[in-house]
Amino acid sequence: MANKQDHTQYYCPMKCEGDKTYDQPGDCPVCNMHLVPVDEQNKEEHRHSHAKGNHHHVHNHKHHVHNPEHHEAKTEKKSSGKYYCPMQCEGDKTYDEPGDCPVCGMHLKKKESRPVPGSKKTIYTCPMHPEIKQDHPGSCPKCGMDLVPEKGEKTSEEEKAYKKMAKKFWIAMILNVPIFIIAMSHFFPFLKLDEIASKKVWGWIEFALATPVVFYSSWEFFKRGWSSIVRWMPNMWTLISIGVGAAYLFSVFALLTPGVFPDQFKDANGNVHLYFEAAAVILTLVLLGQVLELRAHSKTNSAIKALLNLVPPVARVIQNGEEKEIPLEDVQAGDLLRVRPGEKVPVDGTVTEGTATIDESMITGEPIPADKSTGDKVTGGTINGKTSFVMKAEKVGSDTLLAQIIEMVNQASRSRAPIQKLADVVAKYFVQIVIGIALITFAVWAAWGPEPAYVYAFVNAVAVLIIACPCALGLATPMSIMVGSGRMAQSGVLVKDARAIEEMNKVNTLIIDKTGTITEGKPALKSYKSFGKLADDEILRLAALVDAHSEHPVAEAIVAGAKEKGIEISGIENFESVTGKGVKGLYEGKQIGLGNNRLMEDFDASLSEKQNEEVKAWQLTGQTVMYLLMDNKVEGIVSVADTIKETSAKAIKALQKMGVKVYMLTGDNKFTAKAVAEELHLGGYEADCLPEDKFKKVKELQEKGEIVAMAGDGINDAPALEQANVGIAMGTGTDIAMQSASITLVKGDLNGIVRARDLSHKVMRNIKQNLFFAFIYNSLGVPVAAGILFPFFGILLSPMIAAAAMSFSSVSVISNALRLKRK
């Protein structure tokens, strides 16, 4: 063991020095992060990374963000086997030979080849156990719930399952009517059933009517129950199959061999009381619950379906000057596409010809249409206004923003929130406890109950089994997560998993970057002023005139600002760009220039003390100041700044009202940082930050017990986004920032964080309400079913009423979750 330890290599997870490794443990000499040992798997990744020349694979000790190439190589290595355990007991581990899983004993399944891109093959998964996946419909081997399509296909598999279940329900319902009338004939004396046939004959008729309910309409429930017993994974179907099965088999034996039953079970004529009506009615009520659940489940996926419906089936491609319609899946990156008035934009791309007003509300959550012109980006699924334009396709298929949104919503709806662990632990032991309570109930009633004691014991034990079904407990979290994540997507907030929703609700500290997050991320005209006889607007006109031929971002900002104010810009002669100083030329025979201090020296011009103080005052507020020079005089000054987004101040104020402390960390200078922080009344700020400084600040706050969210948009933000409890990527930023974050805002402004915080709070409140309903229902229902009220009030709970109450509890949880759609 010692020798092996001596040969262990260590590397920096930030890859500060590329693939360099160290012989001893410790901290990275560049970023001070703790070095990580290169185990066998990491060695393979390390070699692969070195071969690819990939240095953007961000790690830390808690999370991993995988480069696509890296991930693909790893997947291929994992997927070499042909067989796997359907329960995924050991994750993605595969086996070369058929047999049984060494962990759970389930028969290994042969792995199907991965469908090629564009394949229509549907994968089915369990809403409560996302690790369960198969290529055909069925029920979950763990909880027995109907499997649903992994992706929200346009062809509604939920609708098919709903119709199938509804058909079985109505057949059961029709058969239940005569069963109920026969069993309750003493309530209908006018029918005179006793005169038509004997009780024994009516018993056989009940048997004939109840048997299709058991073996056709509800046989799936018994299969689920048997599966749960065989695998020793008790769930709601265990209780239903035991309770109803006992009632049905008891009645069958009573019909066939009434003589073996004690006198307590018989009436005056020697007939044993039958429970066919109880079995049939209970199963029909369970069927009703399943029908309502399937209908509701279809609604929970409505957000994904709405997103899928945004995709047009065809696109209009321009080839050799002619337009022709092609299927959307045939569009290639680089194709020129025509989008007509009122049509949906087919894929992501850039406008190359014409202008448009695009309704992006379904993607960004913002109601105001966006104006687009040549060079502007457009997003697939958004709706064109009243003009026609040509666009160049850039991202197609699964690369489009809409496809990524749908995938993220799917992933989030299938993920499990940490709070679900509480429900899982309770449900795991709950069924076993309930079976124990049912046995105790039977024993107590048999020993001390009134005559016929065994009948009371049997009925109450069945009632306990039926009312205690933990389906409401199991549905409490997944339903809220499914509806909530879909609702968040419609509001422009994309969550990777349920954990992010729960963590976002707890966040009390938000760290935001300045450039691109608080500000627009590009220079814009800020101020301009004359130092002489010229008017202020004339200073701006001359500055724009001399900058008109420059391609520098600052020059473009000044020209754009002048045009916005309606100032006409003419040309100048002898234009020259002076590197590191500014621009100059000739205007009406005079030498004119716009630049910094060094250009002012070239013009042999200078500032008065008062003018110098004014320039410094502007610079202290984060403005970049340039001097307008004519001949050897400073005629005025013009400044640009990275302007604060209109939404930032309002959003930060809203977050502070929610009890969130807002800090700004920026790589910009301290003057600019201070100006922004004071204008927005931030809780604190730090300037001149390097990527590792942001990472360290997040870690420092976490060590103080803060729940930290980090919002950013650049590659430099990725380490901090990874370390934060919740990483929030602005949708206008880089891909690596989005990979590192657990929440992505489609529209890159801080209002999205306000929406994320607000919606996460509502989702978590909804989950807690659901868990409360489920726990209270079971806490009250089981003792009442066991007969605790009988000695005091003479109240007993019929198994049929217990089944109705059980179905109602599930429906109440589902209905409560669906309220999130209206939030």
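The following exchange covers the confidence of this predicted model, one helix and one helix pair.

Trainee: What should be known before reading the values?
Mentor: In this predicted model, local features need pLDDT of at least 70, side-chain atom pairs count only at pLDDT 80 or more, and totals for chains, interfaces and linings use all residues. Residues are numbered from 1 along each chain as its sequence is written, and side-chain values use heavy atoms, with hydrogens and water left out.

Trainee: What pLDDT does the protein chain average?
Mentor: The average is 76, and 72% of the residues score at least 70; pLDDT is the predictor's confidence in each residue, from 0 to 100. Residues 1-6 have pLDDT below 50 and zero contacts beyond near neighbours in sequence, contact meaning heavy atoms within 4.5 Å. Residues 109-120 are also below 50, with 21 such contacts. Where pLDDT is low, the predicted coordinates should not be read in detail.

Trainee: How do you know that the span of H27 agrees with its 36 residues?
Mentor: Helices are DSSP runs of H or I, at least four residues, numbered from the N terminus. The expected span is 1.5 Å times one less than the number of residues. For H27 (residues 751-786) that gives 52 Å, and the end C-alpha atoms are 53 Å apart, so the two agree. Gly787 follows H27, with a positive phi near 100 degrees.

Trainee: Why is H18 called oblique to H19?
Mentor: H18 (residues 536-547) and H19 (residues 553-564) pack at about 130 degrees, axes 9 Å apart. Axes are lines fitted to C-alpha atoms over the stretch in contact, with angles from 0 to 180 degrees between N-to-C directions. Under 35 degrees is roughly parallel, over 145 roughly antiparallel, 65 to 115 roughly perpendicular and the rest oblique. Therefore H18 is oblique to H19.

Technical notes: Helices (H or I, at least four residues) and strands (E, at least two) are DSSP runs, numbered from the N terminus.
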